[in-house]
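Colleague: Before I rely on any of the terms used for this model, I would like to hear the reasoning behind them. Could you take them in turn, setting each value against its criterion?

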Amino acid sequence: MNRPGSSSRTPRATREFAAHTLAAGSAGGAPLAVEPLSFWGGYDTERGLIVEPAHPQCGLSLAGKVMLMPRAKGSSSSSSVLAEAIRNGTGPAAIVLCEADLIVAIGVIVAQELYSVNVPLVTVDVDLFAALCAAGVPLYVDAPGDGAQATVRIDQAAQ
Amino acid sequence: MLKLTERDTAMLDGAYGDGVALAMRIVTRTANVMSAAQLIDVSSAHIDGCLYHGPASLDFVERFVTSGTRVAVPTTLNVGSLDLIHPELFRGSDPLRRAAERLMQAHLELGCEASFTCAPYQLKHRPQAGEQIAWAESNAIVFANSVLGARTSRYGDFLDLAAAVTGRVPFAGLHVTANRAARIVIEAPDFAATDARDVWFAALGLLLGKEAGTAVAAITGLPADTSEDELKALGAAAASSGAVALFHAVGITPEARTLDAATQRMPPLRTLRVTMDDLAEVRRRLNHAQPGAELAAVSLGTPHFSVSEFERLAQLFAHYAGAPRCGFYVNTSRFILWQLEASGLAQQLAARGVQIVTDTCTYITPIIKETRGVVMTNSGKWAHYAPANIGVTVAYGSMHECVRSAFEGSVCFDE
């Protein structure tokens, strides 16, 4: 459904790709590619740091980042921990996954309902995911409505 | 595209109040994430929202309390952060204690039962085979699906309460018969006659979780006299190392009278033969203590201990005199504690230095007095989570080895 480079009618400095919306919102930030993370037991919402000792990104912060994670893992309590991180301002600005994940979606949806903070959550295919991880420049995720088509923009101008 | 009934739409539009509308928004939005075509009724719910993860936990439930919302179906509660029967055991800060206590109390105000157990399947009323339910807590989910034959997807925080308030869930995942077919086959080695069966069931579970991930597996070769307690240990371990929500034990569990029944006659994607060496390797990796290491405590009962497990513990204690030479904690539900008090077993074990912990669990909340050092368990789930959660070093052994080590005051293994 998402063909990289399929919709590059935008100015040369930016490239825009189609994505599938799981939860609506519009936000951007520096990208952070992370291996599958269980927020519960793996993310400290007070300090805003990945704390799972064996995790490759242990010690990094998701705050304000566009989180690129192929899929989620671990406990269903992760919904609460993600919602708490968003409430506390230590959560990601947007989340891009390859595999739709209910636990992550619920955390984002409840944070929207409780705090009116819209963290866009979208899925993309494996090729686009790899391209986004390799981009190394700020990303913008625009997901206007649940279930509707979203766009992910790579801001080349910032390079 | 999700199709709603008139009543679903009325709930969404606020005809049943703000709380129901909020819950229905969450149910329908997650139905869209799951690509469900419709919602179905559930007959019970089990909620995992009582464990305090920060202000968001409380903000959510208070939205329902202030709007006067009540759960629509019989709803049990998972563990909280406090033992309300033995509150003196909590070693965390006062603000945390207050927030955790309020979270548990708020759920009672919504009409949930004060069960506070991760093993709701050990309560008097439990779901029947084929019943559609909305359960949270990974070990309860896998037990309900696998051992009881009831039907629940992997519900978690927020969606569990939303399902309880609306009585509706997305018709997707393990609610659907076709999705319950085993796609991989695990051939278990014969450990029926071995000692330490509890360890082998848990080790097999950890291996299953790692190999299966979210896939449904059929296990062949388990002992014909496999008990519910053993299936509980297997399922809890599998749901810790992977996202297992259903397994079939051929010849034992209700949807697996035969391998054909378990696979719904579809050829499996993969067959994995497990050896005793494989299980011994899982056991070795899980254990982080040398024989002879000083023991700070033993913790049993993750998931919550059953009456029959307490009876076995008492038999093991009968081989020793006096009290163990380290802390000895056993987690269970208040209902099991009351049964033990009626039979005198609770008093008998307390006199021998056993601290029974109810309503919570020692790996999620600060209860164990001395965590600098080694804590021994026979639970694959506890061994998996406790090091990161409460910073302990885990010794992993059978219940027999745990009791023996406790009386020696140091880690010992039978072989």
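Modeller: In this predicted model, what covers the buried residues of α5(B) includes β2 (45–47), β4 (134–135), α8 (228–241), β8 (247–249) and α14 (380–390), each of chain B.

Colleague: What makes helix α5 of chain B, residues 138–148, mostly covered?

Modeller: A residue is called buried if 20 or more other C-beta atoms lie within 10 Å of its own, and 11 of the 11 residues of α5(B) are buried, so the helix is described as mostly covered. Among them are B:Ser138, B:Asn139 and B:Asn145, as well as B:Ile141, B:Phe143 and B:Leu148. Just after α5(B), B:Gly149 takes a positive phi of about 75 degrees.

Colleague: How do you know that β10 and β13 of chain B are paired strands?

Modeller: Pairing requires at least two bridges between the strands, and 3 bridges join β10 (residues 295–300) to β13 (residues 374–377) of chain B, so the two count as a pair, and they run parallel. B:Ala297 has B:Val375 as its bridge partner in β13(B), while B:Val298 has B:Met376.

Colleague: Which other strands does the same criterion join, and what order results?

Modeller: β11(B) and β12(B) pair in the parallel sense over 4 bridges, with B:Tyr329 opposite B:Gln355 in β12(B). A further 4 bridges join β13(B) to β14(B), again parallel, and there B:Met376 stands opposite B:Ala395 in β14(B). The resulting open sheet of 5 strands has the order β12-β11-β10-β13-β14 in chain B.

Colleague: Why are β12 and β14 of chain B said to stand at the edges?

Modeller: β12 (355–358) and β14 (393–396) of chain B each have a single partner strand, so one side of each is left without a neighbour in the sheet. Neighbouring strands of this sheet are turned against each other by 30 degrees on average, direction ignored.

Colleague: What makes you say that helix α15 of chain B packs on the sheet?

Modeller: The helix, residues 399–408, touches β10, β11 (327–332) and β13 of chain B, and its direction makes about 145 degrees with that of β10(B).

Colleague: Are the residues of β12(B) and β13(B) buried or exposed on the two sides of these strands?

Modeller: From β12(B), B:Gln355 and B:Val357 point one way and B:Ile356 and B:Thr358 the other, and all are buried. From β13(B), B:Val374 and B:Met376 point one way and B:Val375 and B:Thr377 the other, and all of these are buried as well.

Colleague: How do you know that domain 1 and domain 2 of chain B are in contact?

Modeller: The domain assignment places domain 1 at 6–178, domain 2 at 181–284 and domain 3 at 287–408 of chain B. Contact is counted when C-beta atoms lie within 7 Å; by that cut-off 13 residues of domain 1 are in contact with 17 residues of domain 2. The side of domain 1 that touches domain 2 divides into 7 nonpolar, 5 polar and 1 charged residues.

Colleague: How many residues does each chain bring to the contact between chain A and chain B?

Modeller: Chain A gives 25 residues and chain B gives 28. The largest share of the chain A side, 8 residues, comes from α2(A), and that side divides into 12 nonpolar, 8 polar and 5 charged residues.

Colleague: What scores does the model carry?

Modeller: The model scores ipTM 0.88 and pTM 0.92, and chain B averages a pLDDT of 96, with 100% of its residues scoring at least 70.

Terms used:
Residues are numbered from 1 along each chain as its sequence is written. Chains are lettered from A and ligands numbered from 1 in the order in which they are written. This is a predicted model: local features need pLDDT of at least 70, side-chain atom pairs count only at pLDDT 80 or more; totals for chains, interfaces and linings use all residues. Domain bounds come from an automatic or database domain assignment. Two residues are in contact if their C-beta atoms, placed from the backbone, lie within 7 Å. Ala, Val, Leu, Ile, Met, Phe, Trp, Tyr, Cys and Pro count as nonpolar, Asp, Glu, Lys and Arg as charged, and the others, Gly among them, as polar. A residue is buried if 20 or more other C-beta atoms lie within 10 Å of its own, exposed if 12 or fewer, and partly exposed in between; C-beta atoms are placed from the backbone. pLDDT is the predictor's confidence in each residue, from 0 to 100. Axes are lines fitted to C-alpha atoms, for helices over the stretch in contact, and angles run from 0 to 180 degrees between N-to-C directions.
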